[in-house]
Each structure stands twice: as C-alpha cells, then as structure tokens.
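Got the model open? Let's go through it question by question.

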Amino acid sequence: MIKQLIVWLGVAVAVSGCTDSSALRALTGKPQINSKTGLIERNFDKEQIKRGEVVYTANCVGCHGVAGAGTPDWRKPNADGKYPPPPLDSTAHAWHHSTAVLKKTILKGTPPEIGSMPAWEGKLTEQQVDDVIVWIKSLWSDEIYDTWYKNFEGKS
Ligand code: HEC
C-alpha cells in the first residue's frame, strides 16, 4: 500500500505539472539560518498558523489527532487493508513530501480503494489548505524542517 501511495503521489506531482514556485516560497517564508544551530528557521506568519489551526480543529483533528499526533498504530493496516490516519508531525512522513504534494493530497484525498483520506477540494478554499499546511509545518522539529527545506525548497 505504501508503494501504491508513492506511485499515486508521483502521478499527482506529474499531473500538477508546473508548480508556481513563488507561491510555494510564499508558503514557506524566506529562509533564515539560525546562527547558533545552523538550521533553517521558519518565519511563518503567526496569524496564518492560527488560521491553519482553526481549519485543522474543524476538519482534521478527529482523524489525525490533537497536534497532528495521528493514531498510535498508524503503521498497521486496518482489517480492510487501509491504513489509519498517520501523524502529521515529525514522527511519520508528512515531511517527506513537497508543499505541492501535501496540497494535492489534501485537495484530492487518497483514492478510496487505497486509503481513507477525504478530498477537501470544494469544501476548503485553497487559502485554507495553504494555511493548514503552514500549521502542519509548524509542528515539525527544527531539524526536520531544516531537512525538509533542503530536500524541497532549497533545490529550486
Ligand atoms: C476520515 C479521516 C480523515 C480526515 C477527516 C482527514 N484525514 Fe488526512 N489522512 C487520513 C488517512 C487515513 C490518511 C492516510 C492515507 C492513505 O493511507 O492513503 C491521511 C493522509 C493525510 C496526509 C498525508 C500524510 C503523509 O504522511 O503522507 C495529509 C497531509 C493529511 N492527511 C492531511 C489532512 C488534513 C489537513 C485534513 C483536514 C483538512 C485531513 N487530513 C483530514 C484520514 C483523514
């Protein structure tokens, strides 16, 4: 199933084609290096984080848990072969995905034969999705954010 998800996410990226990198930069904020730790710092807009949290609390917390902690046994498939909602914090693999892939996953959900992540397109505005992604990124540790940034944003 993980394989299927990876293939599916790959297709999602291919379909999304040209991503507007300036929009992505706006989502991630300008990079700043912490002079003590040497890690990339997040300079997200605090208001946007708050708006993202409101979106999360209203729509996502029931499945993904308080503070994005997910289901304890998220690595173990349910009886129907589908996986429980994973954590969105540093402990699972949300940070293995670019902003574009996260956005696509949230807007399109996972195909019902593969997983039970609902599609939010038409229910949430793009702005709300962007806000909730910033909130998710605010959950990650400094080290994870730094790794994520270097893997995705730093390359463009
Ligand atoms: C009905 C339960 C449910 C709700 C509500 C839900 N999700 Fe999910 N979500 C899932 C499941 C299950 C998966 C794993 C998908 C799979 O196995 O294919 C998932 C996957 C994800 C992923 C990919 C994580 C990764 O590590 O690749 C993201 C990001 C995500 N959800 C964000 C959200 C956001 C943001 C909301 C609210 C707007 C939300 N989800 C609401 C069940 C849910």
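Q: In which helix does Val-132 lie?
A: A quick note before we start: this is a predicted model, where local features need pLDDT of at least 70, side-chain atom pairs count only at pLDDT 80 or more, and totals for chains, interfaces and linings use all residues. Residues are numbered from 1 along each chain as its sequence is written. Helices here are DSSP runs (H or I, at least four residues), as strands are (E, at least two), and both are numbered from the N terminus. On that numbering, Val-132 sits in α6.

Q: Is Val-132 buried or exposed?
A: A residue is buried if 20 or more other C-beta atoms lie within 10 Å of its own, exposed if 12 or fewer, and partly exposed in between, with C-beta atoms placed from the backbone. Val-132 has 28 C-beta neighbours inside 10 Å, so Val-132 counts as buried.

Q: Which residues does Val-132 contact, leaving aside its neighbours within four places in sequence?
A: Contact means that two C-beta atoms, placed from the backbone, lie within 7 Å. One partner, Ile-106, is 26 residues away along the chain, with 9.6 Å between the C-alpha atoms. The full set is Gly-52, Val-55, Tyr-56 and Ile-106.

Q: How many of the 14 residues of α6 are buried?
A: The buried ones include Val-129, Trp-135 and Leu-139. The helix is largely enclosed by the rest of the structure, because the buried count is 10 of the 14.

Q: At what angle do α3 and α6 pack?
A: Axes are lines fitted to C-alpha atoms, for helices over the stretch in contact, and angles run from 0 to 180 degrees between N-to-C directions. For α3 (residues 46–59) and α6 (residues 126–139), the axes are 7 Å apart and the angle is about 100°. That makes the pair roughly perpendicular (65 to 115 degrees; under 35 is roughly parallel, over 145 roughly antiparallel, and the rest oblique).

Q: Of the 26 residues around the ligand, which come nearest?
A: A residue counts as near if its C-beta atom, placed from the backbone, lies within 6 Å of the molecule. Helices α4 (61–64) and α5 (99–108) each supply at least two residues of this shell. The ones that come nearest are Cys-60, Cys-63, Thr-110, Gly-115 and Met-117.

Q: How many helices and strands are there in the protein?
A: Read along the sequence, the pattern is α-α-β-β-α-α-α-α-α. That gives 7 helices and 2 strands.
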